[in-house]
Structures are given as C-alpha cells and as structure tokens.
Protein chains: 2
Amino acid sequence: MTSPPGGAAERLERQFRFLTEIDRLKRIERQSILCDGSRRENSAEHSWHLAVAALCLAEHATAPSIDRFKVIKMLLLHDIVEIDAGDVFVHEPAELEAQARKEEVAAGRIFGLLPEDQRLEFLELWHEFEAGETDEAVLARALDRVQPAVLHDATDGIVWHRHGTTLDQIQKRMLPVRQASPTLWAKIQTVIRKARAAGHLR
Amino acid sequence: MTSPPGGAAERLERQFRFLTEIDRLKRIERQSILCDGSRRENSAEHSWHLAVAALCLAEHATAPSIDRFKVIKMLLLHDIVEIDAGDVFVHEPAELEAQARKEEVAAGRIFGLLPEDQRLEFLELWHEFEAGETDEAVLARALDRVQPAVLHDATDGIVWHRHGTTLDQIQKRMLPVRQASPTLWAKIQTVIRKARAAGHLR
C-alpha cells in the first residue's frame, strides 16, 4: 500500500508510540466481572469482546444498512480515552458532563501521538461514537450496553447487587439498545428479569 | 438490517452462547508481558491490541491493496481456538503440527455455537488466516508478530531472556514480517538489537 507523506519510518515511530501508550488500557478495570465471576474485566478485553459482538449482532440493527467496519473501528477506539479519564460508572448528569470534558482532553493527547491523518481519522470516529447520531454510532453505543449484558446474563447480575443498582438506573442505561434494535432490547429485558428473579436487582 | 432465515430471537440465543463462551479467552495467558512489565498479557486483550495495530499499520504492507476490514476480522477471531487448545510457544515442527490439529477441532466446536451462516463465515476467515496465502492473511500474520514486538520494545525483550530464547528462534519467528513489509521488518530488527544490547537475547 502507498503511505501518506511523512516518511514510512517516521510514521511508524509515531504509530509505535501510540500502540505502546494504549497498552495501558489493559490496566483499566471496569465494574463488570467475567462470565466465570473470577475477576473484573478490563477495558482492552472489553473492547475486543465488543468488536466480536458487533460482527455477530449487527444483523439485529433496526437501521436498514450498517457499515460494520465503521462500527468496529469505533468500538476498538471508544474506550482509549479511559487511559487518562478512567472508567466511571455514573448516573448523575453533572458527573457525566465533567467526565465528557476529561475524555475530550484525553482524546486530544492520546490520538495526538499518531501521524496527523490518523489523529484526525481516529478523533472523528471517536466523536461520531460520542455524538451517537449516525446509524453506526447508534448501533455501537447499543452494543456497548449489550456486551456487559452477556456478562450479567452469565452471573445473574450479581454486580448490580454489589453496587446497589436499581431497576430504574439499568433501564435508563439500557435505553440506547431500545433505539438500535427491538430484538436486542427484548433480550436485555430477559437478562434483567433473570437478575430480579435471582434477587440481584431491586 | 434483514436477518438471514432462522428467526432473529433464535439466532440471538446462539450468538449469546458464542459470546459467553469466548469470554474465556480473557483467561488465556500469553508469554508476553504488558509494556509496564506488571503481568502477562491475555489473548483477548492481545486480540484488541492487534486489531488497533492493524488500523494503524496496514499502510506499511507490501501488497498494493489490502482489505483492512478482513484483516481485522481475522485478527479478532484468530486466537479464539486457544480456549480449547491453549496458547503454546513452540519452535519444533512436530509440536506445531499437533497444535494445529487441536486448533482445528477447537474451531469446529466454538464457531459451531453460532448460526450456520456465521459458523461458515468465521471458520473461513480462520482458515484463511491459518493458510497465510492471501495478502490479508500475510499482513494479519505479520501483525501477530509485530504486536508482541511493541511489548518487547517497551521491556527490552526481557521475556526472551526469561525463556532462554535465541536470536535464531526469534528471527525465524519474525519471518512473516519480512514478507509482509520491509518497514515493519526494519523496526523488528531495531527491537531485536535493543534486546541484545540489554543482554536479554543471546
């Protein structure tokens, strides 16, 4: 393939710096636990699981046609900002806003390690994901809720119990799924019912 | 999007079973250690890192045009067989053959959890990766060597020292990179020289 200007070796140095930096995503712990309950999930392995989920589940989208590659690119990149901004489990609007500002700064710093054309490409994908307006972003954001539901399903929602999460909070958090796919939404409701039956969700 | 026949809900049940099963890839430890040296890498987070590496580095491929999405699909799926077959660090041809047989059985079982059309799609991608003949598979296999080099670069190849790996073994293991990209090959040689200077590679 033909490299954009800048010199292949020099570009590769920047790309290696970026790839070294994002290795830190493997150290960011999420609230979710693995299906075997053994430990908390980290954001790097979550991103992989999500990308495979997109390959499997894109067919359930309400939108008539979906660029699956774009969905997967967004999902591979969407959590990288957590390296600086952390993974937070917030329900309050004020906290959400403060977090969004932190993530914007993080995106600037981390994607800024890349050659300029790639910085712009990745930043654009990240903004598209955050805005949640295109069909691809709607699906990607829904999948970001559905993947944890795979883990909740396997563990009867025990994490919800540990955090004292309420049914209202979960239903609100899962709303992006409703918009993206009735099939996925129905499945989420089953997972929620199962967690309630197990006494893990008030 | 329109679902292939089979009933969306029934397909989703199979897809959820598959996504639950592959969660186990997060528990498969590799020989590589993270850039901060804190612990061994697992195969799920390795797969994520690799997919992002493909997004960044595909431009360095020798091949005149590369289907990046196909490369990324192969990389997201290529290690799933390790759930049954383990991650082995082998240099002997006889061991490699035995491992290949185990992986074939694993691919049949795990991809077999999916709806038939997806089972075939994923199996075909995995076989294409394993065969290493198409431009996409050549690049994917090279990246599977380059991503660990990011970790070796950050840790001066200390893992090679711990395993008593020789320069010959590493050069042989890195050969797929030579075929796929002279730029990536030159970078690998720099990482190797650095590890030798640190006294970590005989």
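How many residues does the contact take from chain B and from chain A? It takes 66 residues from chain B and 66 residues from chain A. Keep in mind throughout that this is a predicted model.

**Figure 1. The whole complex, with the predictor's scores.** For the complex, the predictor gives an ipTM of 0.95, along with a pTM of 0.95. Looking at chain A by itself, the average pLDDT comes out at 94, and 96% of the residues score at least 70.

**Figure 2. Where chain B meets chain A.** Put together, the two chains bury about 5,400 Å² between them. Of that area, 67% is on carbon and sulfur atoms. There's plenty to look at in polar terms too: 32 residue pairs are in polar contact between chain B and chain A, counting pairs with both residues at pLDDT 80 or more. On the chain B side, the elements giving two or more residues to the surface that touches chain A are helices H1 (8-22), H2 (43-57), H3 (68-77), H6 (116-131), H7 (135-154) and H11 (182-197), plus strand E2 (40-42). Sorted by class, that side of chain B has 38 nonpolar residues, 13 polar ones and 15 charged ones.

**Figure 3. A salt bridge across the interface.** Zoom in on Arg27(A) and you'll find it paired with Asp36(B) in a salt bridge. Their closest N and O atoms sit 3.1 Å apart. The total count of salt bridges between chain B and chain A is 10.

**Figure 4. His78(A) and its surroundings.** This histidine is in chain A, in the loop that runs between helix H3 (68-77) and helix H4 (82-85). Is His78(A) buried or exposed? It counts as buried, because its relative accessibility is 3%, and the cut-off for buried is under 20%. The side chain of His78(A) makes a polar contact with the side chain of Asp79(A), at 3.3 Å. If you skip the neighbours within four places in sequence, the residues in contact with His78(A) are His46(A), Ser47(A), Leu50(A), Trp126(A), Phe129(A) and Asp144(A).

**Figure 5. Asp168(B) on helix H9.** Over in chain B, Asp168(B) is part of helix H9, which covers residues 167-173. Why does Asp168(B) count as exposed? Its relative accessibility is 61%, and exposed means over 50%, so Asp168(B) makes the cut. For a sense of distance, take Glu59(B) as a reference: Asp168(B) and Glu59(B) are 109 residues apart in sequence. In space, the C-alpha atoms of Asp168(B) and Glu59(B) are 28 Å apart.

Key. Residues numbered from 1 in each chain as written. Chains lettered and ligands numbered in written order. Heavy atoms only, no water. Helix = DSSP H or I, 4+ residues; strand = E, 2+ residues; numbered from the N terminus. Buried < 20%, exposed > 50% of the residue type's maximum accessible area, 1.4 Å probe, protein only. Polar contact = N/O pair within 3.5 Å; in protein donor to acceptor, adjacent residues only side chain to side chain. Contact = heavy atoms within 4.5 Å. Buried area = accessible area lost by both parts, 1.4 Å probe. Salt bridge = Lys/Arg side-chain N within 4 Å of Asp/Glu carboxyl O. Nonpolar A, V, L, I, M, F, W, Y, C, P; charged D, E, K, R; others polar. pLDDT = per-residue confidence, 0-100.
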